[in-house]
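Please explain how this chain is put together, moving from its overall make-up to a few helices and then to single residues within them.

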Amino acid sequence: MEEEFIKNLEKYCVDVQSINKGERDAAEKAIVELIKLQTPYSMCFALLQRSKSNLAHFYTLILMRDSSIREWAALEASLKIAIVDGLFEYMMFMYSLEFVGQATKNQAFNTLGVIVKRAWMDEDKYSAAGGNTLNNIVMERVYKMFDSGHAGHLEIGIRLVQALVIEFSGSSKSCNIQLTWDYHQKCMLSFQTSHLQPLFRKLLSLLEQFKQLLTSNPALRDAKTLSTLNLTLNIFTSMLDWKFIDPNRPNYSFIFSTVQTPLKPTSDWAPLFVARPSPVLELVFGLYPLISHFEKIPSLLRSTMVQLCNLGDTVLDTVPTKTQYISDLIKYLHPLLETAIVTKNWTEMEDISNILYRFTYNFKFINIAHLPNQQVLPFYTNIARFIFNSMELMKISIDHGESDLEDEIEADCFDILLKAWVSLVSDADEKSQRKRSILPENFTTQFETLRDCTGQIFQQYIQTRLELSKKELSKFDTLEEENEISEDKKKYQEQLASIAYIGRFNPGPSMEILKNEIKRCVTSLKERMSDPVLFESLHWLIIFAGNLLFDPEEKTVSAIPTLIENYSFSQYNKDNNCTDSIVELSNAVFSFSMEYENPLLNHNNGVAHISPLVSQTSLWFAAGWSLVYLLPSSGLNPNLSPSLLKAYHQEDSVFGICDYFLYKVLLNLKTWQSDIDVLKNSCLLLNNLCQNRELAKFLIKSEHWSKLFYLQDGLSNLPANIQSLLFEAFTKVIFSFDNDNRQKYFIELTKSLMDQMDTILSRSDFKSVAQTPQVKETIYLFLEKLNGITKVSESMNHEEQTLYLAPKLILKYSNYFLGLIPIYDHYQDIINLILSLYYNLTKHQLEFLTENVANEIFPSIINIFREVATILSTSKKNAMEYKDYYNRVKKLVKILYNFTSFTDSQGNCTNLINQVIFHGLCIITPLLTNKDLLQYPKLSRQFFSIITFIFTSTFVEVKNLPVEISNILYTLIDGGINHHDMEIVKACFECISSLTDNLERIKKKQNTIDPHYQGVVIQFMGSVVNFLLLQDFNVDELLFPASNTLFALMLSNIDGYRTKVIDLITRQDSSIQNRVAQQFETLIISGTDRKAKDEFLKSLQLFLVNVKPLLKKK
């Protein structure tokens, strides 16, 4: 048997490298089957002793690893220790086997590491090894290897420690052995408590020896020595990356997080970091200059420095301890910074950026302020110089045509440096604003130095960004207008947020710089019209001004940034006759439109001398600015200066600004019709103005309002989507009025479009003219405008009774919409707009519906569903573009989902909503199959939420679902359980639990249940059991919902559960059937409360550990 195994595997290993594809494929399949062998250990060790095939050794080690993990619970204790002993023996002599490659050696350590992890919690004791458990036996051997003085044994020990650290830490390289978090956490805590620090000290001592060796022999280049040094540093760094668990207060949620967490060793590690001198700091920073000229090794040490700058309060538990540690770090980091500023080594700068970010983010300005000025001030100055250096490197990269490198420097170095500086600035600002707080003696001096450096960084950044844009521009003959504002804002979003905060820390000089630069560009533009460099500069300067003065991410009326508001207030207190800096900067931005753009737009062909990009940017600024500064709220802004109140709050000022903005929107809509993005940004400004209810009275007084409202001066020729945005803005203003005026103006708004639509729809020959371009365009425009209206909720005016103006308007045309669907079935744009109309209706208009209104509207929605579904079900998918089919189904699902997410706060029509969802689900379900639905995760999640809603509803009984519909739903849920998206799997478990609860309610109510539904429960019972035992899944995310689902199913039908268990057991090998059956007996339910569920979860965890590795997978 052994000889046959060795012979076959060696042959497969030869064939798998064959140039013949058929031989390769056959060999690969054969190897995969071999790796599934049961209890192959004697054959494996025989091969490792006799075979001279490197590849055969490699696959044998994998076979041993996988078999051990799969069968561990069933192995005898004597076989377990024999496997471990055999692997140790193999590692001892494999270095003497010349044919064994490094990958195979690495696999040997991986195999033993994984097996040790699996055996770590075993309680078996081995008399031959002094009564020790397996984990103690392994670790004793590891320590002996470190202490042996034998170079070969030492390397084996180091590599084995590396394998153990990888497996126990849960790093991305650790193997998936399908065990629960609970098991992993126990192993991790045990390893951390008993062995992590002793091993760390062993590595520390070893690295100290390397340091002495390099000190005495700086020219050392021995490859073996450097390889061992690299490996040791690698493990040393991994140990500092360890996510420590507090034994007294275990919190495991962060263990598998990819986010870098603070270094928080337990208190017994303190002497390693904070003793004077610190063993770790002395080693790391002392070793760095000795190895800085080597490849790879310096970056490992810099990674170690990142974690040392991330040391947490468990070790730095007192102010003096923390202060001394920070002082030591600055002492070491300062020369590192000075050297990097001179050498400009890009790789080193990237790592140092991370070091500085971790240092500033972790220790903050307030803790650094305890140190003497002579140590801190030069350090801050050098960080600023380092930031300047990174900007210079960005410009050099562009000059050398390396734009990709420049992007990399920005993302991996400069952006991180800005975040580091913001960490200092934000903490300094917060502490300086606190009243009655006792600040360190040197706080004020260091604060002022920080402020000075911050001002320099902001000014240098502005100049650098302008220079970079100019350099980029010089590569092209003309300005690339396709480089839209949204792309720049998205690409530099984090950077702009950081620089805005930096600018606000020194608001006066920052606003002065931007004001002067913008005014210079506008003045120069008048002399050098159409200059692309000036346009590009203006584009960026306006973006900077916007980010400085307001938060671009805010989409509603919001507050002035605190630092800007406070500066404005203090500026007025110092000199109440001076012009406010906010007003000056805002006026500078608006001067582009008022002094340059508008005069050109009022002349023929003037638009040719204007950059659409800058026009968009200035509109973006005005839109964001209007939400913050126009009629600023005293409730949001407690320190509003009288200067701002005079400029932006007095009625004549507010009216003047509103009047100008309306004029600007009107002018743009008339003259920029060739540029859709300028039109959209003009509508954005108008919508933001109309969003503030307090501005409505000023807007309608303007002579420009009526021209916009009635689409005069050629505005009726605007693109349909632009008119939709205009009608959305008009509706916002109308819905801010009292009831009488609201109805009056709503009629005015809709009269012309209704008249036009009524004229067309009432034609006796409508069907014959429906396909003409003019009729289609009219209907399309009508639907676009109606969509704009329905996007605005009438309930925005909470003080007045809701008139249901938008819902009633849709209701008026609902029968027409039904008729349009078959007529325009081939015209997807109109169908999409009709469905979008009902989506907006259910998204924005349901909040205050009464039962009477709902009784009128909801049937029309169901009729639309039926009509669309009828066409989709009768059309062959091949005849209809699959994209169109999917889009229609998606819209229907979204409409239903809006109902499920709607909170009927007043309880007016809860039953009606349930009925709509029920009937809508019955209509759309036949349109879906597993393949159609599950390839779209977002749609799937929404659809399963709808199913859960129905199953949970007390108004709906599952038995009322048509059988053909319920069968499709069950099939979809069953398929969703095995989906790759964990949220979909969770949603399916929730569906099953809700279904079970619904059936239980029926059972209690009627004291019986239909056998059909008993079968459904049993079917899902099998699906959940198979999922848990036969599928590979994310245990940490999905075990809890799966456990709750199985718990509910077992409560519902324990006999069905036993049937499925017996079916599963009988499909397994006879040798394990009794063991599996015994384990199933441990899964019992002790009650129905939360405590019983928790106990069941613990039993299930242990059950999976013992049973899952034994079973045959699908």
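The paragraphs below go from the whole chain to its core, then to selected helices and residues.

The model is a predicted one, and its chain is made up of 48 helices and 2 strands. Along the principal axes, the C-alpha trace spans about 100 × 85 × 65 Å. Of the 1114 residues in the chain, 56% are buried, and among contacts with a separation of 6 or more, residues 24 or more positions apart account for 77%.

The largest nonpolar core contains 388 residues, and those with the most contacts inside it are F273, W421, F817, F858, F943 and F944. The largest share of this core, 14 residues, is contributed by helix α9, which covers residues 181-216. For one of the residues named above, W421, the surroundings can be listed: leaving out residues up to four places away in sequence, W421 touches Y380, I383, A384, I387, L450, C453, T454, I457 and I502.

Helix α9 also appears in the surroundings of helix α10, since what covers the buried residues of α10 includes α8 (151-169), α9, α11 (270-274), α12 (279-291) and α13 (297-308). The buried residues of α10 are T225, L226, T228, L229, L231, T232, L233, I235, F236, T237, M239 and L240. As for the length of α10, its 18 residues should span 26 Å at 1.5 Å a residue, and the end C-alpha atoms are indeed 26 Å apart, which agrees.

Within α10, which runs over residues 223-240, L229 offers a closer view of this packing. L229 has a relative accessible area of 2% and is therefore buried, the cut-off being under 20%. Not counting residues up to four places away in sequence, L229 touches L207, F210, L214, I291 and I297. By C-alpha positions, L229 lies 68 Å from L726, a residue 497 places apart from L229 in sequence.

A pair of helices shows how two elements meet. The axes of helix α22 (residues 532-549) and helix α25 (residues 612-628) come within 9 Å and cross at roughly 15°; because angles under 35 degrees count as roughly parallel, α22 and α25 are described as roughly parallel to each other. The crossing in which α22 passes α25 is left-handed. On the α22 side, the residues that meet α25 include F535, L538, I542 and L549, and on the α25 side those that meet α22 include L613, W620, F621 and V628.

One residue of α22, L541, is in contact with E517, which is also in contact with Q463 and L466 when neighbours within four places in sequence are left aside. E517 lies in helix α21, residues 507-527, and is buried, with a relative accessible area of 16%. The C-alpha atoms of E517 and V116, which are 401 residues apart along the chain, are separated by 66 Å.

Further along the chain, helix α38 (residues 882-901) can be checked in the manner used for α10: its 20 residues should span 28 Å at 1.5 Å a residue, and the end C-alpha atoms are 28 Å apart, which agrees. Helix α38 is mostly covered, with 14 of its 20 residues buried.

Finally, S966 has its place in helix α42, residues 963-976. S966 is buried, with a relative accessible area of 0%, and, not counting residues up to four places away in sequence, S966 touches L961 and H1012.

Notes
Residues numbered from 1 in each chain as written. Predicted model: local features only at pLDDT ≥ 70, side-chain atom pairs only at ≥ 80, totals over all residues. Heavy atoms only, no water. Helix = DSSP H or I, 4+ residues; strand = E, 2+ residues; numbered from the N terminus. Expected span 1.5 Å × (residues − 1). Buried < 20%, exposed > 50% of the residue type's maximum accessible area, 1.4 Å probe, protein only. Contact = heavy atoms within 4.5 Å. Core = buried A, V, L, I, M, F, W, Y, C linked by side-chain atoms within 4.5 Å. Axes fitted to C-alpha atoms, helices over the stretch in contact; angles between N-to-C directions. Parallel < 35°, antiparallel > 145°, perpendicular 65-115°, else oblique. Left-handed = near helix turned anticlockwise from the far one by under 90°.
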